[in-house]
Amino acid sequence: MPWRDTALAVMVAVIWGTNFVVIEAGLADMPPLLFLVIRFVVVLFPALLIVPRPAVGWRDLAVVGTLMSTAQFSLLYLGLNAGMPVGLASLVVQVQVLLTVLIARVVLRERPTRRQVAGVLLGAAGLAIVAVGRSAATPLDSLLLTVAAALCWAAGNVASRRLGVVSGLSMTVWSGVVVPLPLLLLSLLVEGPQRIGDALAHVPLSAIGSTLFTAYLSSLVGYGVWNSLLARHTAAAVAPFTLLIPAVGLITAWLVHGELPNPAEASGGVLLVLGVGISVLRRAPAEQVRRSAP
């Protein structure tokens, strides 16, 4: 990629790496689904009045929004709320890079090389080690929710790439239309009117700051830039920059909470990151992911 696009990808990775600690701070006093509804309401208004709708159908917008916003973030928020350590979460979600390559192979016919297949297998082994060797402080359900969030992120990457929309900001804003109402209904069912009322009556400054960071920096800036990069480059060319996310996430978790992974989590995480690197970091042109003719 050109150096400018490389710098933009690095910037997004830093924002998203920091995002885990920021989300956790907001979740301390807010129900997770309600907190996500508030985030996307802030994202949508007044952006809907300013940003033009992308030239794609409503069904395509709904698919991207459901995968990349509604499903990914609701699962991630629920995982963090269920006890997933933020540093480990920033590491585990990187399985989305491997899943992006696999889904792109099926949907976009971007043929993975043998090296990429080896990377996927190595990353899967690392994830298995994390799952088996996780500490008692990491419940299995929180890990599974985080992995499911990564799967939705990967599918959203490919859905966005398939559309080829140049304006990532317009895709981010308008695909987010599908988020608030379904999640508000789900919040009412799962979290209950009483808990929602209590949370809205006493919104702490940490939740306000977290909402502003996640809405404007993570969603509008982050996904706006990310979707633009996916429109200009192959999914496998953009995805490697998420390798920076766990480094930033682990550092911020250590600085803020003193959180460090146990030996099994650390070793499994290293294998996962190595698998991601082997799968999508390429030097020789012959190793480039090839997209077959439609």
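Reader: Leaving aside its neighbours within four places in sequence, which residues is Thr214 in contact with?

Author: Happy to start there. In this predicted model, Thr214 of helix α12 (residues 205-232) is in contact with Asn19, Val22, Ile23, Arg39, Tyr77 and Ser219.

Reader: Why is Thr214 called buried?

Author: Buried means under 20% relative accessible area. Thr214 has 1% relative accessibility, so Thr214 counts as buried.

Reader: Nice. How many aromatic pairs are there, and what makes the pair of Phe40 and Phe73 tilted?

Author: The count comes to 6 aromatic pairs. For Phe40 and Phe73, the ring centres are 6.2 Å apart and the planes meet at 55 degrees. Pairing needs centres within 6.5 Å, and planes neither under 30 degrees apart nor over 60 count as tilted, so this pair is tilted. The pair links distant parts of the chain, with Phe40 in helix α2 (residues 32-44) and Phe73 in helix α4 (residues 58-81), 33 residues apart.

Reader: And what makes the pair of Phe73 and Tyr77 edge-to-face?

Author: Here the planes are at 80 degrees, with 6.4 Å centre to centre; edge-to-face asks for over 60 degrees. Phe73 and Tyr77 are separated by about one helical turn, because they are 4 residues apart in helix α4.

Reader: How do you know whether Phe73 and Tyr77 are buried or exposed?

Author: The cut-off for buried is under 20%. Phe73 has a relative accessible area of 4%, so Phe73 is buried. Tyr77 has 0%, so Tyr77 is buried too.

Reader: What sits over the ring of Phe73?

Author: The charged end of Arg39 does, 4.2 Å from the ring centre, where the distance limit is within 6 Å. Phe73 also belongs to one aromatic cluster with Phe35, Phe40 and Tyr77.

Technical notes: Residues numbered from 1 in each chain as written. Predicted model: local features only at pLDDT ≥ 70, side-chain atom pairs only at ≥ 80, totals over all residues. Heavy atoms only, no water. Helix = DSSP H or I, 4+ residues; strand = E, 2+ residues; numbered from the N terminus. Buried < 20%, exposed > 50% of the residue type's maximum accessible area, 1.4 Å probe, protein only. Contact = heavy atoms within 4.5 Å. Lys NZ or Arg CZ within 6 Å of the ring centre and 35° of its normal.
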